[in-house]
Amino acid sequence: PVTAVGRLFSAIITYAAIIAGVMLGAVAADALGMRQLDLAKAPTPPTLPLLVLCLLVAAAVVCGAIVQQVAPRHLLVTAGIAVIGYLIVTAYVSVSGPSPRLAPALAAVAMGLLARWIGLRIGTTALVLAVPAIVILLPGLAIFRSMYSMALDPDSLTGGLAGMFTAFTIIMGIAAGVALGDTLARPFTRDWNAGVRRRIRRR
């Protein structure tokens with residue numbers, strides 16, 4: 001719990017620094033007479049082909065995994081798990097409509113299950129594959145928009161706090177989904193776990 005709280009505080013400080021930097025850039029652009037951008041406005045849905053979006057997801061996850069020092073032999077597997085999660089979110093949204101809370105959680109269950117099942121097959125832990133892969137599910141833009149709107153307009157404090165609460169709800173759903181997927185995969189990987197423990201004891 002102490003480590004988790006420390007990481008959460010570090011993430012909040014990082015987000016605050018990002019917001020401050022973006023606002024500084026917006027103020028500088030306004031002073032230079034450049035066209036103003038409404039950074040708090042909701043983004044439009046992507047219009048690129050699905051294949052291109054999947055390639056972009058894979059590239060983003062690979063870059064993030066490299067930053068997190070994931071072994072090179074695990075990069076493609078991590079990217080594949082992330083693409084599967086993205087396809088699940090896309091399919092759910094296309095069938096049931098936008099659901100900011102449920103779609104990422106369902107995708108996280110599948111990603112957690114795959115991370116454990118594949119991880120034991122290739123000799124690594126599930127977290128090594130799951131943590132970089134779930135980055136695509138995190139509501140970073142929602143948090144940014146909420147914090148930006150609160151910093152820009154004090155009257156929108158209530159709406160910004162509501163957006164932050166929704167974003168943290170999504171994050172908790174993703175974490176719970178990965179844990180649930182890992183648990184669901186255990187009955188199918190019991191023999192592999194025994195083999196891994198035997199190899200560890202021999203070492």
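In this predicted model, helix α3 meets helix α4 through V77, I81, A82, I84, G85, I88, V89 and Y92 on the α3 side. Their partners in α4 are L102, A103, P104, L106, A107, A110, M111, L114, A115, I118 and I122. Sorted by class, the residues of this contact comprise 18 nonpolar, 1 polar and no charged.

Two packed helices are described by the angle between their axes and the distance between the axes. For α3 (residues 75-96) and α4, the angle is about 155° and the axes lie 9 Å apart. Because angles over 145 degrees count as roughly antiparallel, α3 is roughly antiparallel to α4. The crossing of this pair is right-handed.

Helix α4 itself covers residues 102-122. At 1.5 Å a residue, its 21 residues should span 30 Å, and the C-alpha atoms at its ends are indeed 30 Å apart, so the expected and modelled spans agree. Which residues of α4 are buried? They are A103, P104, A105, A107, A108, V109, M111, G112, A115, R116, G119 and L120. An α-helix has 3.6 residues a turn, so residues three or four places apart point the same way. Helpfully for anyone tracing the chain, G123 comes just after α4 and takes a positive phi of about 85°.

Turning to the other side of the story, α3 also packs with helix α2 (residues 50-67), at an angle of about 135° and with the axes 8 Å apart. An angle of this value makes α2 oblique to α3. The crossing of α2 and α3 is right-handed. From α2, the contact draws on L50, L53, C54, V57, A58, V61, V62, A65 and I66. From α3, the contributors are L75, T78, A79, A82, V83, Y86, L87 and T90. In terms of class, this contact holds 15 nonpolar, 2 polar and no charged residues. A82 of α3 is listed in the contact with α2 and is likewise listed in the contact with α4.

Between α2 and α3 runs a loop, and Q69 lies in it. The phi of Q69 is near 65°, a positive value in a residue other than glycine. Is Q69 buried or exposed? Its relative accessibility is 73%, and Q69 therefore counts as exposed, the cut-off for that class being over 50%.

Conventions: Residues are numbered from 1 along each chain as its sequence is written. This is a predicted model: local features need pLDDT of at least 70, side-chain atom pairs count only at pLDDT 80 or more; totals for chains, interfaces and linings use all residues. Side-chain values use heavy atoms; hydrogens and water are left out. Helices (H or I, at least four residues) and strands (E, at least two) are DSSP runs, numbered from the N terminus. The expected span of a helix is 1.5 Å times one less than its number of residues. Buried means under 20% relative accessible area, exposed over 50%, partly exposed in between (1.4 Å probe, protein chains only). Axes are lines fitted to C-alpha atoms, for helices over the stretch in contact, and angles run from 0 to 180 degrees between N-to-C directions. Angles under 35 degrees count as roughly parallel, over 145 as roughly antiparallel, 65 to 115 as roughly perpendicular and the rest as oblique. A crossing is left-handed if the near helix is turned anticlockwise from the far one by less than a right angle, and right-handed if clockwise. Contact means heavy atoms within 4.5 Å. Ala, Val, Leu, Ile, Met, Phe, Trp, Tyr, Cys and Pro count as nonpolar, Asp, Glu, Lys and Arg as charged, and the others, Gly among them, as polar.
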